[in-house]
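Visitor: I have a structure to go through and a few questions about it. Can you take me around, one point at a time?

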Amino acid sequence: MSEEINPDAFIVRRGHRRSAYFSARSAPRPETTKTKASSTMMGNSGESGSPQESSAVERQFEFSSDAQLGTREKDLMKRMRYRLSQHGASPDDLPDVSNTTVNSMKQRGEMNLNTLMQLKAAFEHADIDNSGALDQEEFVSAFKSVRSLASQPEEQLVHLFMKIDANSNGTLDWDEFTSHILLEQERLSATEEGTAAGQEGEIYIAEQPAEHAKSAKAKEKKTGLLNRRANTAGIAHLDMIERVVHVPALSSYVSAGRDGTLVVWQADTLVPKKQMRNGTGWITDMTYMPNQPLAVCSVDRTISFYDTGRTSRHPYGFEPLARINNLENVPMSAKWVRLTDYDMLLFGDDRGNIQSYKFDDLWGGTNVPAGTGIEMGNKKLPGMKANTPFKLHSDWVTKLLFQSNSGTLITSSMDSTLRMVDLERKKTKWTVDDHVRGVFSFDYSRGYNFIASCGVERHIMLWNPFTGRSVGALYGHTASVQEVLVAENENQLISLATDKAIKIWDLRSNRCLQTLLDQTVYWPENRISAIALDTKRRVIVTGSTKPKQWHRSVKDAIGVSPIIKASYNKAFRQVVAGDLSGNINVWSVDRGESVFNYSEAHGDAKLCAMSFDNSLRRLITCARNGTVNMWNFNNGKCLKVFEGFGDAEISSVAYVAEGPNRFVIAGGDDRKVVVWVDNKLNSREAVYSHLDGHYDDVTSVAFCSQSILATGAYDGKIILWKISSDSSPKGELVPPDDHLKKSDQKSIEALLFLPHRAKCLAALANDGSVYIWRIVDSQHMYTLKTGHSGRGSAICSDEENNYLITADALGYIFAWDLTDCDWRRSDAVTDMRVRREPSELAVGRKIGRKDGKIQFMHGWQAHRKEIKSVEHAKYKDGGDFVVSGSEDGKVRFWTLGGQLVGTFGADIWVLGVPESYVSDRA
């Protein structure tokens, strides 16, 4: 297989500090005898296409290569082929106890058909009372009796039981268990409909049948989402595509395959325009830069150059120009670099070496007589200066990235390290070695100042580019992440996993905006092997054996949805947060990573209130359109709908458990307080009763004790109800200084029951004041002037009521000490007024009178916008923490002393290890 092409000249001219090169016309190509390999490819490519389609694609086999692949190259190709397929089912190096599911056992190879049959037999054997259902102890016993599952920690099995037993009846049967397995499988396969753009945007399945083209176009118009496959009849690579490059100057994509071929595709239509044979070896990488040729690296130890200028004789360009032969090692990754005075080609090889070629102003071809063919060079070409290679890694280099502003080079390798090097001095500045079994790829965001890297792990690691220290991680993938790309202008990061899932992340909030899933079955490997960005068309281009385009219209401003409520669940050691757009996110407090999320809890309606039931296994959510739903928040299944509230907005919801009675109570606009009975046998509940007595909108609801319910209103009045009797008011509480306030300062923003402080009720008013009454006799016990400069917005306490935590609309949190408060005596009525200056708040200075009453501990600014929710969380060894959710869309975790542990979804930590907290990192 040999074909000669004679470039008359290949010139690089320097002008305005930029190179402009021109490739001359090529001589006519003589007919050549096609090899068996080439004729086979052409036959396969064209047998199903029309004559017009066949003639539209120019198939060329440009370069001949006498290089024979030795044992080393073949071993390298074998390692490359299996480097990702072996990682897809690998467990994460730091598994989270709270995220254990049957499906995670399946991913580790512990759950198969045989195991399932054994487990079913164990279920039947463990059912001692023959009730057909297992309680928690019997469930754990059944799992432990199966040999392949016996190693599962009991704590994980208890959590699994609690997740499945969402209706809290204390038992589960085989049908419930298998239904949970199916739900988990469906979730991870993402076959459900898309999710809203707050956390996990629309999930779109590729491969729409032709007969649904109209509906697909309608969906595209509605969502801005496009899936375009290559418009070709059989033209494809015979093996997986290793790299896709966008060449804007020619409105083309170039795909490079393991079969040694290059295919040029028209960017707008994905019609193939040209097919070229680069050689016999795999193409490992290629790199493009304007005013420079396309550099193609191959496993046969060559680097080939193709014309990407419009002066080429061929209308689609990509004429072969030159080739470097007989390199010492296999070039695995390459990158063009443009410096002030010259251009440079960097590449890393299979032995971990870094090498570079410096290009003179006049490079290649100028001294080659016409008709002598494509320029060849042994290890380098005329006009190139080869710099001395230096050893940087112990395994092959997977990616290179040069930072021209600092003169540093960032590299990644299959030796599991990421390095930054001063290229001129060849001195390593920092090394990251936190990855396991190789770094597949990375990218750098200059605007947001971080490096994102990926490997065998199922999350994306984020690093400080100056120090190499971890600054967080992105969680959400369920398989190893093989590629990350930064779209700086769109404030997005795109990640590709080995399960063909593409996620689009918002760099401003570190949230997943969209998940794209490709369900096409590919051969010889069922995965997406390459991905690139076309910033001009705002599309993602993927490749397997053919390219595809994926697009979602980019909004000018991607809004971060405000947090409505962020609640700590002590049963699962999780934080469950709901935002205005209806996204429900579940995070582990032990590490800050995502456990589960679902969206559109109320369709298009905005979320406005949220609460757990008494068992902490079910979540109640309310919307502005008056709908109330109950969920198993661990799998996103809606368990029940409460009907009849009407169209008014709900402001607060509470779950009441008193003896055998279970109620859900919601308050909102139009003075409404509605009560439903929670019957576990029903999937829909009608209104049980209405509580009438308020004269203004109801703003807050709280259950106290002995069937006493408290509701607060915008006018500052608090009503106590006995919900199990005739539903009439049993008392009314009014702040003592109510008559001194303006109408907009009276609103009761939150109510909090303090059972261990003489069964008192605390009410946070709009002006930041906290009023405390004793429930048994409705006697006012205390008024706390908190000194919040902003409107009071949230309040909470710990389980023992030793602390009181208040928050405001300016993002500040104040912590108060209640340990000296004794409100059992009738003479304990005290007013305390604390005044502070803003400078004292900023440093968290401890102030206030030490008179045995409520003492101010400290304060800090937790967010830049209004805090919508605060909750206390207690760690198992006694540590006290605070969960804050804000209008800025962030949920943060703090020590009671105001130390930032981290932001959920953005940071990772190990609870109980202060060195891992964000505020302790250098």
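Visitor: Which residue does the side chain of Thr-903 join through a polar contact of 3.1 Å?

Guide: Keep in mind that this is a predicted model. Thr-903 sits in strand β66, residues 900-903. Among the residues it touches are Lys-890, Val-891 and Trp-909. The side-chain partner in the 3.1 Å polar contact is Arg-892.

Visitor: Does Thr-903 count as buried or exposed, and why?

Guide: The relative accessibility of Thr-903 is 10%. Buried means under 20%. Because 10% falls under that cut-off, Thr-903 counts as buried.

Visitor: How much of the protein chain counts as buried?

Guide: The chain holds 10 helices and 66 strands. Its accessible surface comes to about 37100 Å², with 47% belonging to carbon and sulfur atoms. Of its 922 residues, the share that counts as buried is 60%.

Visitor: Which helix gives the most to the largest nonpolar core?

Guide: That core has 36 residues, and Phe-123, Phe-139, Phe-177 and Leu-619 have the most contacts inside it. Helices α5 (113-126), α6 (136-145), α7 (154-164) and α8 (174-189) are among the elements that each supply at least two residues, and so are strands β39, β40 and β41. With six residues, the top contributor is α7.

Visitor: Which residues does Phe-139 touch, leaving out those up to four places away in sequence?

Guide: Phe-139 is one of the residues with the most contacts inside the largest core. Two of its partners, Phe-123 and Phe-177, are also on that list. The full set is Phe-123, Leu-134, Leu-157, Leu-160, Phe-161, Leu-172 and Phe-177.

Visitor: How many residues are in the other core?

Guide: This core lies apart from the largest one. Its members include Ile-772, Phe-814, Leu-818 and Ile-854. Its count is 21 residues.

Visitor: Which are the edge strands of the open sheet of four strands?

Guide: The strand order is β50-β51-β52-β53, with antiparallel pairing. Neighbours are turned by 20 degrees against each other on average, direction ignored. An edge strand here pairs on one side only, and that picks out β50 (698-703) and β53 (729-733).

Visitor: Which residue in β51 stands opposite Val-701?

Guide: β50 and β51, residues 708-713, pair in the antiparallel sense. Five bridges link the two strands. Opposite Val-701 stands Thr-711.

Notes. Residues are numbered from 1 along each chain as its sequence is written. This is a predicted model: local features need pLDDT of at least 70, side-chain atom pairs count only at pLDDT 80 or more; totals for chains, interfaces and linings use all residues. Side-chain values use heavy atoms; hydrogens and water are left out. Buried means under 20% relative accessible area, exposed over 50%, partly exposed in between (1.4 Å probe, protein chains only). Accessible areas come from the Shrake-Rupley method with a 1.4 Å probe; for residues, only the protein chains shown count as cover. A nonpolar core is a set of buried Ala, Val, Leu, Ile, Met, Phe, Trp, Tyr and Cys residues joined through side-chain atoms within 4.5 Å. Contact means heavy atoms within 4.5 Å. Two strands pair if DSSP finds at least two bridges between them. Axes are lines fitted to C-alpha atoms, for helices over the stretch in contact, and angles run from 0 to 180 degrees between N-to-C directions. A polar contact is a pair of N or O atoms within 3.5 Å; within protein, one must be able to donate a hydrogen and the other to accept it, and residues adjacent in sequence count only if both atoms are side-chain atoms.
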